[in-house]
Structure formats: C-alpha cells, structure tokens
Amino acid sequence: MLTTRFLKTGLALSLSVGALSLSSTALAANAVMYTPNNVQTIDTALEIARKTAPDLSIQQVTSGAGALMKRIEAEAQNPLGDVVWGAGYGTMAAFQQNFEPYESPENKAIAQAFHGKDSLWTSSNAHVMVIMANERQLKGLAAPKTWSDLFDPQWKGKIIIGDPASSGSAYDQVYGIYQLYGAEGLNKLAANVIVSKSSGQVYKSVANGEYPLGVTMEYAAYAYVAGGQKGIELIYPEDGTFVAPEGVAVIKNPKNGQEAARKLVDVLLSKEVQEAELVENFRRPTRSDINVAELTQLPNLDQIKVATLDPLKAAAEYNTVLDVWKQALAAAGK
C-alpha cells in the first residue's frame, strides 16, 4: 500500500506500455488498464481474460501507483485509461475524485470490508503482514507469537524490516504496530531492528539466513514455503495481523466507455482471476467463495486474528508516524 507521500512530491513517470490481443479476429471492445502490479500478476490475470472475456482487448500501462495516479489526474479532461488495478486504499482515497462509481456483480462475493467508499473501488486482493522466521537461525530461541514479542532485547540486531519512508508495505507494518502500542512500542521495536531501504530485501535476507526474523508480506514469504525451502515459517501475530487491501476502479469518463471498463473490472474481481492469482502468485483473494486453506498452506482469514488498517487514517497520520519512527531510530543510535 502506498500513502500520501505521493501527493507531496513530483514523480517522474516511468511508464511502460504493452498491448495484448486476445483474439485473432476483430474485437468487440478495448480497455486500457493502468496497474502497478508486477509482470507475473498481470500475466496471470490476462491469461484468464483470454478465456473468460475473449472479446475484450486489454492494453496495459505499468508504473508505480503514485505515478499512475498523477497521470490519471493529469488526463482528467481527456482520459486515456479505463481502469486502474492494484493501488492501495490510501492512494485510491487520495485520488478518489478521478474515479466513478461501479457496483460490480462480482461484489456480492466480496466481504463489505473490502468495498471502497461510495462504490468507487473494490478490493481485488489483500496483503497480509506477517513475521517471517528462519527456524535454523533462531538458535534455540522460541519464535515470537506477537508483535510485542519483537520488543524483547533478545532480538536486538536479529530482525530486518523495510523503511516506511520508502516502502508502502513497511509503512503499513510500522503504522499497525504504532496503532497497537503507540510511540513506546516503536521505540522498543527500533532498538532491535535493522532497517533495509528495500522491502524486497527483507524476505530475501531471512530466506538466505542473514537474519532469523523479518517483517514482510505474506505472499513474499510464502513463495519460499511453496518453493520447498525448509525451515521458513510465517507467523500471524496473535495481537492482530494487519491486512492491507488493494483495489480496482473505473476511471472517471473512461476512454473506451463504461461498458468495456466495467467488463474489465468484472474480470479482475472474478473468482477465476482471484483464484489463479492465489495459486500462481500467492496473492490473497478477497472473495468469500475461495477457500484459501484448501488451495494452499495458508490460513483463511477467519482462522487468524485480523487487524484491518484504516487507510484514510493511515494516510492522514503518515507524517506523524514517520516522525515518531525517525525519533525512535535516532534514540536507538540508528
């Protein structure tokens, strides 16, 4: 998830554009999809679209979520896109004036908690924040069960976490701990952690045995489990596992019209796409008719204690929380 820092800085647009023809014959509809998702995630969705919507030609424009939102805003008088897919709720809320309401028929299978404000967006998947452990590096120590367990001095220098100033997911993690334990909790956490500028380095470092513990996203940690690496454990903190949804929305006055845009939203919210994203890319679905535990080794959300973050509050408190975190790191000599 990304935050309002994108509102405060001018972002250079580094955009790559690709077109996918879904039929060798004339196509009935076109749709332009703006997305910050990675290649694997996009390819999985488009593969399903070939089968379930063969008359829809989808063009993709990819970049960071903040850059895409700035582009949509700049194009407001003459939209060049139809749908945006994969931005965090805080970012969606910050740019909500650029979307138009759409209540997809797929929404009936998606819990209300994953419906956006005034039907302006719906969650297509959710990121779950976990503690990733490398059991071989615990050296006899009991793995933590809660976020507060990470405050124990025994973990000093043994936990890696992303930088919330440069990573949306790391901000969600730090923000969530702040919501549970306040500034005092961040002070105790800062005393123990090693901060990485790259959130991707967190799960790689734990998998490589450089650190016994890392705070990261479920899908990234689970990739090692699914890949057969022994000794990797995903811990869902008992004091509340943070869930950060990502959404899909129709851009206001879509370039190719409402019918094509809405059809693309329906595809991205469909059971076929969400199930494929789970099985192939470990992206957690928001649909209630997909049993995550049956298809993977991951738990269903009703099997863990969930603490869903309020994206609007998280965005509003971004600078405050970062200031508290910076002060905590300074006090720890970092």
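Let's start at one residue, Glutamate 218: leaving out residues up to four places away in sequence, it touches Val128, Val130, Leu234, Tyr236, Arg284 and Leu298. Glutamate 218 belongs to helix H7, which covers residues 218-226. Is this glutamate buried or exposed? Glutamate 218 is buried, and its relative accessible area comes to 1%. Keep in mind as you look around that this is a predicted model.

Now step back and take in the chain as a whole. You'll find 12 helices and 12 strands in it. Along its principal axes, the C-alpha atoms fill a box of roughly 65 × 40 × 35 Å. How does the radius of gyration fit with a compact globule? For 334 residues, such a globule would be near 20 Å, and the chain has 20 Å, so the two agree. Of those 334 residues, 56% count as buried. As for what faces outward, the chain exposes about 13,800 Å², with carbon and sulfur atoms supplying 49% of that area. There's also plenty of contact across the sequence: if you take the contacts with a separation of 6 or more, 80% of them are between residues 24 or more positions apart.

Next, have a look at helix H3, residues 65-74. Seven of its 10 residues are buried, so the rest of the structure largely encloses this helix. The buried ones in H3 are Ala65, Gly66, Ala67, Leu68, Met69, Arg71 and Ile72.

Follow the chain onward from H3 and you get to a loop that leads to strand S4 (83-88), and in that loop sits glycine 81. Glycine 81 is buried too, at a relative accessible area of 1%. What does glycine 81 contact, once its neighbours within four places in sequence are set aside? The list is Val32, Tyr34, Glu75, Ile251, Pro254 and Lys255. Glycine 81 also gives you a nice case of sequence and space telling separate stories: valine 250 is 169 residues away from it in sequence, yet their C-alpha atoms are 9.0 Å apart.

A couple of loop residues deserve a glance for their backbone angles. As background, most residues other than glycine have a negative phi. Asparagine 253 isn't a glycine, but it has a positive phi of about 55°. You'll find asparagine 253 in the loop between strand S11 (241-251) and helix H8 (258-269). Aspartate 118, again not a glycine, likewise has a positive phi of about 55°. The loop that holds aspartate 118 runs between strand S5 (99-100) and strand S6 (122-134). Aspartate 118 counts as exposed, because its relative accessibility of 54% is over the 50% cut-off.

Finally, let's see how two helices pack. Helix H5 (residues 168-192) and helix H12 (residues 318-331) have axes that come within 10 Å and cross at roughly 40°. The crossing of H5 and H12 is left-handed. Which residues make the contact? On the H5 side they are Tyr171, Val174, Tyr175, Tyr178, Ala183, Leu186, Asn187, Leu189 and Ala190, while H12 brings Tyr318, Thr320, Val321, Leu322, Val324, Trp325, Ala328 and Leu329. Sorted by kind, the residues where H5 meets H12 come out as 15 nonpolar, two polar and no charged.

Terms used
Residues numbered from 1 in each chain as written. Predicted model: local features only at pLDDT ≥ 70, side-chain atom pairs only at ≥ 80, totals over all residues. Heavy atoms only, no water. Axes fitted to C-alpha atoms, helices over the stretch in contact; angles between N-to-C directions. Helix = DSSP H or I, 4+ residues; strand = E, 2+ residues; numbered from the N terminus. Left-handed = near helix turned anticlockwise from the far one by under 90°. Contact = heavy atoms within 4.5 Å. Nonpolar A, V, L, I, M, F, W, Y, C, P; charged D, E, K, R; others polar. Rg over C-alpha atoms; globule rule 2.2 N^0.38 Å. Buried < 20%, exposed > 50% of the residue type's maximum accessible area, 1.4 Å probe, protein only. Areas by Shrake-Rupley, 256 points an atom, 1.4 Å probe, with all protein chains shown as cover.
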